[in-house]
Structure formats: C-alpha cells, structure tokens
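Subject: Structure handover and notes

Hello,

Here is the structure you were expecting, with the sequence alongside. My notes come after it.

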Amino acid sequence: MTRHNYKNLKIWQLGIQIANDISDVLLEFPVHERYDLSSQISRCSVSVPSNIAEGSSRTDKSFSHFIDISLGSSFELNTQLIIAKYRQYINEITFNHLETKIEEFQRMTMSFQNNLK
C-alpha cells in the first residue's frame, strides 16, 4: 500500500498558498463579517490542504474520498469569493487572482485523483 508524503504534493503546496492568500485578503474584510462570511471563507480555505494532508495517510481509495472533500471545499470557497466580490469586499483583480489559483488547484487535484484509481 502506497502512502503519500503530503508535503511533497503540488496540490497540497498550492492549497497552502491559497489558504495564505485568503488569510491576507480577509484582513481587509469589514469587521461585521468577522463571524459570518469571513469565518466561512477562512474555514474553507484551510480545509483544502488539510483534507489532503489527512487523507495522505490512508489507502488510495480512502485518500480519494478526502480529495473529494478538499475539492468540494475549493468549489465552496470560490462561491464565497463570488459573494464577497458582489458585496465589494474584494476587487475584481484580487478575485481573478484567487479564482485562477483555485481553478488551477481543481484541475491539478482532479488529475491527481484520477491517477489514484
């Protein structure tokens, strides 16, 4: 049975970059969003690399399930960023930068997952 060193996985590394980028962006959010949208965005962004790390210690079949959760969090994160853009908490440039990284993560992760099976 193969185990993966999550720290060496490009998908985990990109997930960490996204979580860090999100953390920086959330510093600019309005204070009244601290426990609502901001908190949800933060949890989603942390969930993306965390599920990859947790799943890497499992069998490939189980790892694939954790990757599904990570992917789901990335789609949820993108939706929440769209809401933040509509509310004008982030500008178009910041949104596009984050969306591009999230879409890259999704493509890379789906490809990685297909190779597990």
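The notes below cover the helix pairs, then the nonpolar core, then two buried residues. Please keep in mind that this is a predicted model.

Helix pairs

A pair of packed helices is described by the angle between their axes and by the distance between those axes. I give both for each of three pairs.

Start with α1 (residues 10-26) and α2 (residues 37-55): their axes are 8 Å apart, at an angle of about 165°. α1 is therefore roughly antiparallel to α2, and the crossing of the two is left-handed. On the α1 side the contact is made by I11, W12, G15, I16, A19, I22 and L26, and on the α2 side by S38, I41, S42, S45, V48, P49, I52 and A53. Sorted by class, the residues of this contact are 11 nonpolar and 4 polar, with no charged ones.

Next, α2 and α3. Here too the angle is given as a rough figure, about 160°, and the axes are 8 Å apart. That makes α2 roughly antiparallel to α3, with a left-handed crossing. α2 brings L37, Q40, I41, C44, S45, S47, V48, N51, I52, E54 and G55 to the contact, where they meet F63, F66, I69, S70, S73, S74, E76, L77, Q80, L81, I83 and A84 of α3. By class that contact has 12 nonpolar, 9 polar and 2 charged residues.

The third pair is α1 with α4. Their axes come within 10 Å and cross at roughly 160°, so α1 and α4 are roughly antiparallel to each other. α1 passes α4 in a left-handed crossing. From α1 the residues involved are K10, I11, L14, G15, Q17, I18, D21, I22 and V25; from α4 they are T94, H97, L98, K101, I102, E104, F105, M108, T109 and F112. This contact divides into 10 nonpolar, 5 polar and 4 charged residues.

Nonpolar core

The largest nonpolar core has 28 residues, and those touching the most other members are I22, F29, I41, L77, L81 and F105. At least two residues come from each of α1, α2, α3 (60-86) and α4. α1 gives the most, with 7 residues.

One of these core residues, F29, is in contact with L37, S38, I41, A84, Y89 and I90, leaving aside neighbours within four places in sequence.

Two buried residues

Is K101 buried or exposed? K101, which lies in helix α4 (residues 92-116), has a relative accessible area of 17%. Buried means under 20%, so K101 is buried. Not counting residues up to four places away in sequence, K101 touches L14, Q17, I18 and D21. Those four residues are also among the α1 residues listed in the contact with α4.

S56 sits in the loop between α2 and α3. S56 has a relative accessibility of 3% and therefore counts as buried. Which residues does S56 touch, not counting those up to four places away in sequence? They are R3, H4, Y6 and F63. F63 also appears on the α3 side of the contact with α2. As for distance, the C-alpha atoms of S56 and E99 are separated by 25 Å, and the two residues are 43 apart along the chain.

Regards

Conventions
Residues are numbered from 1 along each chain as its sequence is written. This is a predicted model: local features need pLDDT of at least 70, side-chain atom pairs count only at pLDDT 80 or more; totals for chains, interfaces and linings use all residues. Side-chain values use heavy atoms; hydrogens and water are left out. Axes are lines fitted to C-alpha atoms, for helices over the stretch in contact, and angles run from 0 to 180 degrees between N-to-C directions. Angles under 35 degrees count as roughly parallel, over 145 as roughly antiparallel, 65 to 115 as roughly perpendicular and the rest as oblique. A crossing is left-handed if the near helix is turned anticlockwise from the far one by less than a right angle, and right-handed if clockwise. Contact means heavy atoms within 4.5 Å. Ala, Val, Leu, Ile, Met, Phe, Trp, Tyr, Cys and Pro count as nonpolar, Asp, Glu, Lys and Arg as charged, and the others, Gly among them, as polar. Buried means under 20% relative accessible area, exposed over 50%, partly exposed in between (1.4 Å probe, protein chains only). A nonpolar core is a set of buried Ala, Val, Leu, Ile, Met, Phe, Trp, Tyr and Cys residues joined through side-chain atoms within 4.5 Å.
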